[in-house]
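Here are some exercises to work through with the model open beside you. Try each task before reading its solution.

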Amino acid sequence: MAYTGEVLRRARERLAQAKADREAENAQHLRQAYRQVPRLAEIDRALRLTMAKAAQSVFQEGGDPQAAFDRVRKENQALQREREWLIEDNFDEGFLDDTPICTICGGTGYVGSQMCECLRELCRQEQKKELTVLTGAAQESFGSFRLEYYSDQFDPNLMSSPRAIMSMTLQTCKRYAQSFTMKSGNLFLNGNPGLGKTFLSACIARTVADNGYSVVYETAVHLFSCLEAAKFSGDPEAKRRGERYTACDLLIVDDLGSEMVTPFVQSALYTVINDRLLAAMPTVISSNLQPKELSSRYSPAIASRLQGSYRLVTFVGQDVRLQRAREQ
């Protein structure tokens, strides 16, 4: 699960700060303990010298290391018992507990070459913050999607009711998000404005991110702006931002068709779609464009990939935003 460089950077900074805070707190507690019980400082100094004393004893006793180490070990154990008694009698439980911020990795964030769960959890938190800023969906969830906004009257053109269709659409998006894996494939959310495409895209993003996958959510306009900056600005940071679109586990592009189509947009869209298809990395795209409009707006190669490699998820009904506005 590949988190973007920015998410990983922020997570590492948080872990390093937490590690430093813990170490500073432990050091402050130890200084306070030494002031309150000076004997503790004497014991700790003595314990640090035990190995040196053991080595010295070997030479003093004619080279009998076992006897020397046995004597030093007994002294050491006696000092440790005294230390424990002093701490128990003078301080609250845990006051001098110097356990690291993470007992698995010690606060480094890695066990060998593998990311530790402590750093992975911080990555998940940072990604959720990023998604909340981008989607504005801090409170939205699949459970709050209101089907009552969609008519339950049979529509002969649809051969069903809008509510029945949207109920299936909701379940499709929910299942996709909750059971997401790198083999989940691609979705193309399609329908008129105001029918919930952005809402359910945001719900997919948050659910997949909650399950530990890296997710990048972008509007089409911002996506192409970032890719243009990555290609032409010469800014290394812009290049890194552009690379995340092919590196993330799930890319969600909202409102495809709202951008101005230029030769660069055609090329960039094809590259993103094609690269992710070749790498078998899932993508979700939402658009107000009808499938037949894709061929007239984009190149045949783009339209073919969107129509042939994406599962079409249909949104129907009356504009929900207008209905909510009338309620207020």
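Helices here are DSSP runs of H or I with at least four residues, numbered from the N terminus. Keep in mind that this is a predicted model.

**Exercise 1. Describe the surroundings of Ser161.**

Step 1: Find the residue in the chain. Ser161 sits in the loop between helix 5 (117–135) and helix 6 (162–178).

Step 2: Decide on burial. The relative accessible area of Ser161 is 11%, and buried means under 20%, so Ser161 counts as buried.

Step 3: Look for a polar partner. A polar atom of the Ser161 side chain lies 3.1 Å from the backbone nitrogen of Ala164.

Step 4: List the neighbours, leaving out residues up to four places away in sequence. Ser161 then touches Ser151, Asp152, Gln153, Phe154 and Asp155.

**Exercise 2. Work out how the buried residues of helix 12 are arranged.**

Step 1: Pick out the buried residues. In helix 12 (residues 300–309) these are Ile302, Ala303 and Leu306.

Step 2: Look down the helix axis. The buried residues fall within an arc of 95 degrees, so they line one face of helix 12.

Step 3: Turn to the face pointing away from the buried side. There you meet the exposed residues Pro300 and Gly308.

Step 4: Ask what the buried residues pack against. Their partners are strand 3 (187–191), strand 5 (250–256), helix 10 (263–278), strand 6 (283–287) and helix 11 (291–297).

**Exercise 3. Examine three of the 14 salt bridges found in the whole structure.**

Step 1: Begin within helix 5. Arg124 forms a salt bridge with Glu121, with the closest N and O atoms 2.9 Å apart. Both residues lie in helix 5, three residues apart, or about one turn of the helix. Arg124 is buried at 14% relative accessible area, while Glu121 is partly exposed at 32%. The two also belong to a salt-bridge network with Glu117 and Arg120.

Step 2: Move on to Arg163 and Asp152, whose side chains meet in a salt bridge (3.8 Å, N to O). Arg163 is in helix 6 and Asp152 in the loop between helix 5 and helix 6, so this pair ties together parts eleven residues apart in sequence. Arg163 is partly exposed at 30%, and Asp152 is partly exposed at 46%.

Step 3: Finish with Arg244 and Glu218, which meet in a salt bridge at 2.5 Å, N to O. This pair links distant parts of the chain, 26 residues apart: Arg244 is in helix 9 (residues 236–247) and Glu218 in strand 4 (residues 215–219). Both Arg244 and Glu218 are buried.

Key: Residues numbered from 1 in each chain as written. Predicted model: local features only at pLDDT ≥ 70, side-chain atom pairs only at ≥ 80, totals over all residues. Heavy atoms only, no water. Helix = DSSP H or I, 4+ residues; strand = E, 2+ residues; numbered from the N terminus. Buried < 20%, exposed > 50% of the residue type's maximum accessible area, 1.4 Å probe, protein only. Polar contact = N/O pair within 3.5 Å; in protein donor to acceptor, adjacent residues only side chain to side chain. Contact = heavy atoms within 4.5 Å. Arc of directions from axis to C-beta. Salt bridge = Lys/Arg side-chain N within 4 Å of Asp/Glu carboxyl O.
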